[in-house]
Amino acid sequence: MKPLQELVRPNIWALKPYSCARDEFKGVKAEAFLDANENPYPNGVNRYPDPLQEQLKMAISPLKNVPIDNIFLGNGSDEAIDLLFRVFCRPGVDNVVAIDPTYGMYEVCADINDVEYRKVSLDENYDLNPDALLATCDANTKIIFICSPNNPTGNAFQREKIEKIISAFSGIVIVDEAYSDFSSQKPFRLDIQKYPNLIVLATFSKAWGAAGIRLGMAFAHTDIIGLFNKVKYPYNVNVLTQKKAMEILNNVTLLQRHITMILEERMMLMKSVAQLPICKKVYPTDANFILVKVTDANSIYQYLVGKGVVVRNRHRVHLCGDCLRISVGTKDENTKLLSALRQYV
């Protein structure tokens, strides 16, 4: 890995961050808050939230087995993705490399930030080639994106291949583990102390059942977390989100039960869909969705919409011709889907 200062945009390295009111009195027991021009009358949300979400991080740390100082929390994983470009990539100069197909927000954020986005195709089995990814990099490549388990293909990549990329690349490697709770593979967040150039993304939107509160996580070396905190907006995670997240974290038993139910329904759904006449292939998956190649994705998608069943049409995505991505729903939702597909002619 190059020295971090060589990877960070010079203006960001030199940036003096905004100091918010709640940062300034940290460590002091306050009895009167007269510093932030808030409405003083309590209603549950009249005060600004903790800018570094320390109580929430203390609850997340033992569950994820990651030290508090190695955790960044943001407004969904998308905030962390955007911060990556703003911290490391000089607009119009630097580039990033990513597998293809993968999560679309990487490319969207690259376009927004005027950063070249280089795609490296997966093979016909949706597997990655470390050598091809590394060969696509040049002196101005700052980041490599790897989503594992990948979206929309659903498969997790071999750890050895990802480790090879992290070890060989002199820049930052992102491993997006949004779906890792549904996979049996050892998560890369447990390796952030081993690899200073590794950033692991996670989210409350999938297994944690909290897509509506928009809370994302990034795990990385403390120096990188410091850069994220330097560039983020002061109060990026609101009070209501922090409170709801704490409620969710206090009921891990329910979370584990839901994961088990999703995995059971996933197995049932894969077997049932594979038996349908319209199904050409159900791809292996380590996520909470399945990718299915069908006889006519566009027609079947529109038919399902007419039946009140919404799936994701991935027909236009690279390597996913005539494929539908189907999230694993409740037993009732999955039954409705299968019932509709059995009636399709």
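Helix α11 has 23 residues and stretches 33 Å from its first C-alpha to its last, close to the 33 Å expected at 1.5 Å a residue; the expected span is 1.5 Å times one less than the number of residues. The model is a predicted one, in which local features need pLDDT of at least 70 and side-chain atom pairs count only at pLDDT 80 or more, while totals for chains, interfaces and linings use all residues. Residues are numbered from 1 along each chain as its sequence is written, and side-chain values use heavy atoms, with hydrogens and water left out. Helices (H or I, at least four residues) and strands (E, at least two) are DSSP runs, numbered from the N terminus.

In α11, the buried residues are L255, I259, I262, E265, R266, L269, S272 and V273, where buried means under 20% relative accessible area (1.4 Å probe, protein chains only). Their cover includes the strands β8 (279-282), β9 (289-294) and β11 (323-327), along with helix α13 (331-342).

The same helix also takes part in the largest pocket, giving seven residues, the largest share of its lining. A pocket here is an open set of points on a 1 Å grid over the protein atoms alone, where a 1.4 Å probe fits, with protein on both sides within 12 Å along at least five of seven lines; lining residues have an atom within 4 Å of a point. About 520 Å³ of space lies in this pocket, the volume being the space filled by probe spheres set on grid points joined across faces, edges and corners. Its lining comprises 21 residues, with K206, A207, G209, H258 and I262 nearest the centre. The elements giving two or more residues to that lining are α10 (239-249) and α11 (252-274). By class, eight lining residues are nonpolar, eight polar and five charged; Ala, Val, Leu, Ile, Met, Phe, Trp, Tyr, Cys and Pro count as nonpolar, Asp, Glu, Lys and Arg as charged, and the others, Gly among them, as polar.

Elsewhere, K64 belongs to helix α4 (residues 54-64) and is buried, at 4% relative accessible area. Leaving aside residues up to four places away in sequence, K64 touches D181, R189, L190, W208, M217 and F219, contact meaning heavy atoms within 4.5 Å.

Turning to the cysteines, a search of the whole structure finds zero disulfides, a disulfide being a pair of cysteine sulfur atoms within 2.5 Å. For C89, the nearest cysteine sulfur, in C109, is 11 Å away; C89 is buried, at 1% relative accessibility. C137 is not bonded to C89 because its sulfur lies 12 Å from that of C89, the closest cysteine sulfur, too far for a bond. C137 is likewise buried, with a relative accessible area of 17%.

Conventions: Buried means under 20% relative accessible area, exposed over 50%, partly exposed in between (1.4 Å probe, protein chains only).
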